[in-house]
Amino acid sequence: MFDLETLLARRHILPRVKARCQREAFRMIAEAVAGDAGSSAQDILDALLERERLGSTALGGGVAVPHARLPHLDRMIGAVAQFDPALDFEAVDSQPVHLAFVLFAPEEAGSDHLRALAKIARFFRDKSVVAALKNAETADAMHAVLVEHQASHAA
């Protein structure tokens, strides 16, 4: 099951990230999760950039789902970043990215990683969730939006 409480620690929710470019945003996210991921921020940054070289992780509509596999990770972990201003992720719709849900998985995660990515993508198809997250001003407010949305769609 896609469980935000397990996947997403509040310390990994980053509101109002002021980054000038995608690389800088990824660096900030990497620094936020490094302690829990068992990898250095540089290794995490490198993994995110390597995945992004394969193709943009932007879904369109101002949302992206960057992801990477990490060698020392024993479970999937996530981070959510709200970019202010929005960043160019070379999205297919040419829209800048306001929100990113970043997923990190163990190297051996296999299909669990793909299932989690699919669930995250479905989660962010809800335009009301995207709008609420874009307008949230704090990590607690963003967390409340995510948990409320998950609870309302758990049935």
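1. In this predicted model, helix 2 passes helix 3 in a right-handed crossing. The two helices pack with their axes 7 Å apart and at an angle of about 130°, and helix 2 and helix 3 are therefore oblique to each other. On the helix 2 side, the contact is made by Gln-22, Arg-23, Phe-26, Arg-27, Ala-30, Glu-31, Val-33, Ala-34 and Ala-37, and on the helix 3 side by Ala-41, Ile-44, Leu-45, Leu-48, Leu-49 and Glu-52.

2. Helix 3 itself covers residues 41-53, and its 13 residues should span 18 Å at 1.5 Å a residue, which agrees with the 18 Å that separates its end C-alpha atoms. Beyond the helix comes Gly-55, a residue whose phi is positive, near 155°.

3. Which residues of helix 3 are buried? They are Ile-44, Leu-45, Ala-47, Leu-48, Leu-49 and Glu-52, and you may wish to note that the list includes a glutamate, Glu-52. What covers these buried residues includes helix 2 (22-37), together with strand 4 (67-70) and strand 6 (97-106).

4. A search of the whole structure for aromatic pairs finds four of them. In one pair, that of Phe-123 and Phe-124, the ring centres are 5.3 Å apart and the planes stand at 75°, so the pair is edge-to-face. Phe-123 is buried, with a relative accessible area of 7%, and Phe-124, at 8% relative accessibility, counts as buried. Elsewhere, Phe-26, Phe-83 and Phe-89 form one aromatic cluster; Phe-26 is also among the helix 2 residues that make the contact with helix 3.

5. The backbone deserves a careful look at several places, given that most peptide bonds are trans and most residues other than glycine have a negative phi. The peptide bond from Asp-84 to Pro-85 is cis, with omega near 10°, and Pro-85 lies in strand 5, which runs over residues 77-87.

6. Where is Glu-90 found, and is this residue buried or exposed? Glu-90 is in the loop between strand 5 and strand 6, and at 66% relative accessibility it counts as exposed, being over the 50% cut-off. Its phi is near 55°, a positive value in a residue other than glycine.

7. Ser-94 likewise has its place in the loop between strand 5 and strand 6, and although Ser-94 is not a glycine, its phi is positive, at about 65°. With a relative accessibility of 63%, Ser-94 counts as exposed.

Technical notes
Residues numbered from 1 in each chain as written. Predicted model: local features only at pLDDT ≥ 70, side-chain atom pairs only at ≥ 80, totals over all residues. Heavy atoms only, no water. Phe/Tyr/Trp six-rings, centres within 6.5 Å; stacked < 30°, edge-to-face > 60°. Buried < 20%, exposed > 50% of the residue type's maximum accessible area, 1.4 Å probe, protein only. Helix = DSSP H or I, 4+ residues; strand = E, 2+ residues; numbered from the N terminus. Expected span 1.5 Å × (residues − 1). Contact = heavy atoms within 4.5 Å. Axes fitted to C-alpha atoms, helices over the stretch in contact; angles between N-to-C directions. Parallel < 35°, antiparallel > 145°, perpendicular 65-115°, else oblique. Left-handed = near helix turned anticlockwise from the far one by under 90°.
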